[in-house]
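Please look through the structure shown here with its open and enclosed spaces in mind, and with an eye to the residues and helices that the rest of the chain covers.

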Amino acid sequence: MFVSTRDNSKAVHASEAIMRGMVPEGGLYLPDQFPKLDLEAFRVHVEDSYQELAKWILGMLLDDFTEEEVASCVTAAYNEENFEQPSITPLVKLTEDRYILELWHGPTAAFKDLALQIMPHLLVTSLRKNHCQKKVVILVATSGDTGKAALEGFKNVPGTEVVVFYPHEGVSPMQELQMVTTDGNNTHVVAVKGNFDDCQTAVKELFADQDMIGQLDQIGYQFSSANSINWGRLSPQVVYYVAAYLNLVRRGQIKLGDYVDFSVPTGNFGNILAAYIAKEMGLPIGRLICASNENNVLTDFFRTGRYDANRPFYRTISPSMDILISSNLERYLYLKSGRKGTQIAKWMDELKESGQFTVDEDLKAAMAEDIAAADADENAAKDVIAKVFADSRYLLDPHTAVGVSAAGLSNRLVVVDATANPFKFVQAVSEALYPEQDTSHIDVLSLMEDLAEKTNTPIHRALGKLAQSGERPHPVIGIGEIRETVVSLLTEAASEEK
């Protein structure tokens with residue numbers, strides 16, 4: 001069963017948690033307990049394919065899904081049509097003790113595809129299991145990658161409408177181009193004059209807006225989410241940590257039972273939380289390294305125990321990490337505090353009211369056993385991109401470069417999550433490698449061709465197709481207009497169906 005991180009709602013099954021997205025009263029869903037696996041359980045699955053591992057792990061994390069339902073969702077998501085690499089998440093060796101986990105071989109060239117290719121199938125199955133007749137509205141706040149991945153994953157999925165809000169001038173040109181060229185009869189893209197935190201806060205408020213919920217109910221809609229606040233988004237991410245570890249065992253780089261660290265470029269804390277869940281289930285993970293850019297609220301939190309979002313917000317070359325309110329930290333705090341939902345609710349209320357809260361010394365010490373934290377600014381990230389390419393002829397995107405920089409905190413074998421293909425951030429990568437080149441007058445598609453030729457690196461197939469895609473009109477609105485925009489879009493969609 002799934003419970004609320006704030007102990008304010010009845011327990012539900014996985015399908016209902018996925019269908020709702022987040023707890024209606026506020027809070028996030030988590031299993032009341034995680035399956036505990038010993039080394040022998042992992043040994044049985046060392047030779048499994050990614051698809052087989054996904055069936056195994058998700059079968060344990062989705063309590064009311066049948067084996068056949070999980071298998072159907074996995075087969076529909078993880079196939080050669082969606083992922084250009086048969087292994088789904090290849091592992092690349094940089095040095096003897098540094099590996100790159102490539103999470104960007106899906107249809108939008110970002111790690112979000114690993115969850116958002118399967119999530120629509122999990123949601124449709126959940127709706128069927130709960131006999132839901134309403135159409136589901138997927139509301140998405142994105143700092144860049146989730147938006148396109150959600151649009152692609154839910155495009156033309158029956159019974160759904162997808163509305164994506166992204167910060168105007170707050171994503172990379174390539175990320176924006178990917179979103180505004182998305183086709184589909186149920187997709188809507190909206191630019192918002194604000195930052196990601198503004199978008200995310202507004203979307204969360206809509207989930208708790210009872211008047212809005214009632215208004216949508218009258219025209220046959222209900223909300224759900226494709227952000228990592230939804231268990232259907234978060235749980236599939238656990239799989240690739242298990243896959244990476246067992247890959248190292250197969251290759252003879254480690255023995256089963258050896259500890260491995262993971263360095264995770266971190267914004268909303270979902271990706272690193274998935275690694276922590278894998279560790280809680282028994283995967284031999286040593287420490288998790290929380291890697292941040294200039295928006296280093298998490299670095300400061302893990303060092304001091306004080307979460308303080310009252311600080312300057314920076315737009316950086318790693319925009320998917322330009323976040324000051326990390327939603328999934330709530331789940332981690334709930335688990336580390338011994339599932340004290342009342343305390344979590346108190347901290348979250350303080351964060352909402354004052355922008356800050358402080359944990360006690362015991363919890364701070366307990367967190368330090370799991371997580372180390374570091375940050376790297378733009379110059380440091382560019383230096384890493386240039387050095388790794390000079391040493392290994394391997395291209396990093398700016399987010400992964402931050403992860404490589406933070407990996408220096410590890411004293412054992414460490415795997416760095418490569419969260420995006422480098423061509424998604426082609427301008428930043430080009431500037432890092434060729435600082436003498438003026439890229440300001442070159443469009444991103446031409447710059448992509450230029451970088452591919454200079455580095456002898458193939459362009460991701462999804463990005464290579466963008467030149468043939470036409471842009472769709474999309475509104476640019478203020479933060480205060482999000483609610484009315486959702487109502488307008490859905491009212492129009494409902495009228496077109498009649």
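The paragraphs below go from the pocket to the cavities, and then to some buried residues and helices.

The model is a predicted one, and a convenient place to enter it is the largest pocket, which holds about 1000 Å³ of space. This pocket is lined by 42 residues, and those closest to its centre are M22, T201, K204, E205 and A208. Several elements take part in the lining, for α1 (14–20), α9 (196–207), α10 (210–218), β8 (221–225), α14 and α15 (341–354) each supply at least two residues. Of the contributors, α9 gives the most, with seven residues. Sorted by class, the lining of the largest pocket comprises 21 nonpolar, nine polar and 12 charged residues.

Besides this open space, the structure contains three cavities of 30 Å³ or more, and the largest cavity has about 260 Å³ of space in it. A total of 26 residues line the largest cavity, with F111, K112, G267, N268 and S320 lying nearest its centre. Here α7 (145–154), α11 (231–250), β9 and α12 each supply at least two lining residues, and α12 gives the most, with three residues. The lining of the largest cavity is made up, by class, of nine nonpolar, 14 polar and three charged residues.

Helix α12 also offers a way to look at single residues, since N271 is found in this helix, which covers residues 270–281. Is N271 buried or exposed? With a relative accessible area of 5%, N271 is buried, because the cut-off for that description is a value under 20%. Leaving aside residues up to four places away in sequence, N271 touches L103, F111, Q237, Y240, Y241, V264, D417 and T419. One of these partners, F111, is also named among the residues nearest the centre of the largest cavity.

F269 is found in the loop between β9 (260–265) and α12. The relative accessible area of F269 is 1%, so this residue too counts as buried, the limit being under 20%. Once residues up to four places away in sequence are set aside, F269 touches C290, L298, F302, S326, N328, L329, Y332 and I371. F269 and S228 are 41 residues apart along the chain, and their C-alpha atoms are separated by 8.6 Å.

Two of the residues that F269 touches, L329 and Y332, lead on to helix α14, which spans residues 329–336 and packs with helix α16 (residues 361–370) at an angle of about 110°, the axes being 10 Å apart. Because angles of 65 to 115 degrees count as roughly perpendicular, α14 is described as roughly perpendicular to α16. On the side of α14 the contact is made by Y332, L333 and K336, and on the side of α16 by L363, A366, M367 and D370. The residues of this contact divide into five nonpolar and two charged, with no polar residue. Y332 thus appears both in the contact with α16 and among the residues that F269 touches.

The last element to consider is helix α18, which is formed by residues 398–406. How many of the nine residues of α18 are buried? Eight of them are, so the helix is largely enclosed by the rest of the structure. The buried residues of α18 are P398, H399, T400, A401, V402, G403, V404 and A406.

Key:
Residues numbered from 1 in each chain as written. Predicted model: local features only at pLDDT ≥ 70, side-chain atom pairs only at ≥ 80, totals over all residues. Heavy atoms only, no water. Helix = DSSP H or I, 4+ residues; strand = E, 2+ residues; numbered from the N terminus. Buried < 20%, exposed > 50% of the residue type's maximum accessible area, 1.4 Å probe, protein only. Contact = heavy atoms within 4.5 Å. Axes fitted to C-alpha atoms, helices over the stretch in contact; angles between N-to-C directions. Parallel < 35°, antiparallel > 145°, perpendicular 65-115°, else oblique. Nonpolar A, V, L, I, M, F, W, Y, C, P; charged D, E, K, R; others polar. 1 Å grid on protein atoms, 1.4 Å probe; cavity = no way out; pocket = protein on both sides within 12 Å on 5 of 7 lines; lining within 4 Å. Points joined across faces, edges and corners; volume = space filled by probe spheres on them.
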